[in-house]
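This note sets out points for a colleague who is about to examine the model below. It deals with pockets, helix packing and unusual backbone geometry, in that order.

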Amino acid sequence: MSALSRVVSLVPSITEALVSVRRDAVVGATDWCTHPADLDVTRVRGTKNPDLAAIRALEPDLVIANKEENRELDVRRLRESGVRVEVTEIETVPDAVETFERLFDDVLGWPRPAWLAEARTLWCGPLPAVTERVVIPIWRDPWMVVGSRTFTGDLARRLGLENVYAGHEDRYPHVDLAELDAAAADAVLLPDEPYVFTEDDGPEAFTRTPVRLVSGRLLTWYGPSLVEAHRTLTR
C-alpha cells in the first residue's frame, strides 16, 4: 500500500502522534491541536464545529476523527462529499496503543514511532494494586466527573488509582459538589482541561477532600504524551 501524504486530524492527541512521524503529511488540524507548539498547518476550527469547507479545500487523502471528540453529523457530511474519514474509538490505554498501531500499519502506511512501543511496554501490562481512591472532575457549574468507560479512567486505574465513579452508568456524570466532597475519596484530581482548573479556581470548593492539580494533557491525551505521563504521574 502507498503511504498517505495529505492528512487532516480532528483530534489533538492524534495530531500530535501523526506529527511525530510525518509532520509534512499533516495538512490540517483543529484549533485545539496545541502540540507540538510550533505546528504550522491550516486550522479548521474546533473538534465540535469543524469548518467542513476548509477541510474539503485541503483535498486530504484522509481525515481522522474520534467517536467521542467529534460529531457523527460532521463525519457523515464529509463522507457524503467524497472525503475518506477514519473514525477511532478509544476508551482504554490499550485501545489507544492498538489504534495507533493499526493506523500506522494499515491505514496510513507510515512507520511506527518509537514512543508507541514504549507506551505499550509502560501501560499495557497487568493492573497494579490500588493505592488511592480518587474523583476526577472535568467541569464545574455544573460539576461533571470522569465516570465509566473512559480513557482517563483507565489510565488512572493503571496508575493504581481507583476512580470512585468508575461504576457509574454515565461516562461523564453530573454530580453535586457536596456529594463529590463526601465521596470518601483520598484525593480530588483537577486537570487543566477541558475545564481550566487552577490554584484559584477549583480547590477552594473542596473542604473535606485533599486536592491535586494535574496536567490535563498527561491525564487525557493518548499520543506521545503517554510516555511523559507515565514518567510524571507515577512519581
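1. In this predicted model, the lining of the largest pocket comprises twelve nonpolar, nine polar and five charged residues. The volume of this pocket is about 800 Å³. Its lining has 26 residues, and those closest to the centre are Glu68, Glu69, Glu193, Pro194 and Thr220. Helix H1 (12–22), strand E7 (137–139) and helix H6 (151–158) are the elements that give two or more residues to this lining.

2. The second largest pocket has a volume of about 330 Å³. Its lining is made of 20 residues, and Leu159, Leu161, Leu233, Thr234 and Arg235 lie nearest the centre. By class, this lining divides into twelve nonpolar, four polar and four charged residues.

3. Which elements supply at least two residues of the lining of the second largest pocket? They are helix H5 (114–123), strand E11 (211–214) and helix H9 (225–233). Strand E11 gives the most, with three residues.

4. H1, already named for the lining of the largest pocket, also packs on helix H4 (residues 93–108). The two axes are 12 Å apart and the packing angle is about 55°. That angle makes H1 oblique to H4, because it falls in neither the roughly parallel, the roughly antiparallel nor the roughly perpendicular range. The crossing of H1 and H4 is right-handed. On the H1 side the contact is made by Ser13, Ile14, Ala17, Leu18 and Val21, and on the H4 side by Phe100, Phe104 and Leu108. Seven of the residues in this contact are nonpolar and one is polar, with no charged residues.

5. H4 also meets H6. How should the arrangement of these two helices be described: roughly parallel or roughly perpendicular? Their axes come within 8 Å and cross at roughly 110°. An angle of 65 to 115 degrees counts as roughly perpendicular, and H4 and H6 are therefore roughly perpendicular to each other. Val93, Pro94 and Ala96 are the H4 residues in the contact, and their partners in H6 are Phe151, Asp154, Leu155 and Arg158. This contact has five nonpolar, no polar and two charged residues.

6. H5 and H9, both named for the lining of the second largest pocket, pack with their axes 8 Å apart, at an angle of about 40°. H5 is therefore oblique to H9. The crossing of this pair is left-handed. H5 contributes Trp115, Glu118, Ala119, Leu122 and Trp123 to the contact, while H9 contributes Leu226, Val227, Ala229 and His230. By class, the contact of H5 with H9 contains seven nonpolar residues, one polar residue and one charged residue.

7. The backbone deserves a separate check. Most residues other than glycine have a negative phi, and most peptide bonds are trans. Where does the model depart from this pattern? A cis peptide bond joins His35 and Pro36, with omega about 0°. Pro36 belongs to the loop between strand E2 (26–29) and strand E3 (42–43).

8. The peptide bond from Glu193 to Pro194 is also cis, and its omega is near 5°. Pro194 is placed in the loop between strand E10 (187–191) and E11. Glu193 and Pro194 are also among the residues closest to the centre of the largest pocket. This cis bond and the pocket may thus be viewed together when the model is inspected.

9. What is the sign of phi at Arg45, a residue other than glycine? Phi of Arg45 is positive, near 70°. Arg45 is found in the loop between E3 and helix H2 (52–57).

Methods
Residues numbered from 1 in each chain as written. Predicted model: local features only at pLDDT ≥ 70, side-chain atom pairs only at ≥ 80, totals over all residues. Heavy atoms only, no water. 1 Å grid on protein atoms, 1.4 Å probe; cavity = no way out; pocket = protein on both sides within 12 Å on 5 of 7 lines; lining within 4 Å. Points joined across faces, edges and corners; volume = space filled by probe spheres on them. Helix = DSSP H or I, 4+ residues; strand = E, 2+ residues; numbered from the N terminus. Nonpolar A, V, L, I, M, F, W, Y, C, P; charged D, E, K, R; others polar. Axes fitted to C-alpha atoms, helices over the stretch in contact; angles between N-to-C directions. Parallel < 35°, antiparallel > 145°, perpendicular 65-115°, else oblique. Left-handed = near helix turned anticlockwise from the far one by under 90°. Contact = heavy atoms within 4.5 Å.
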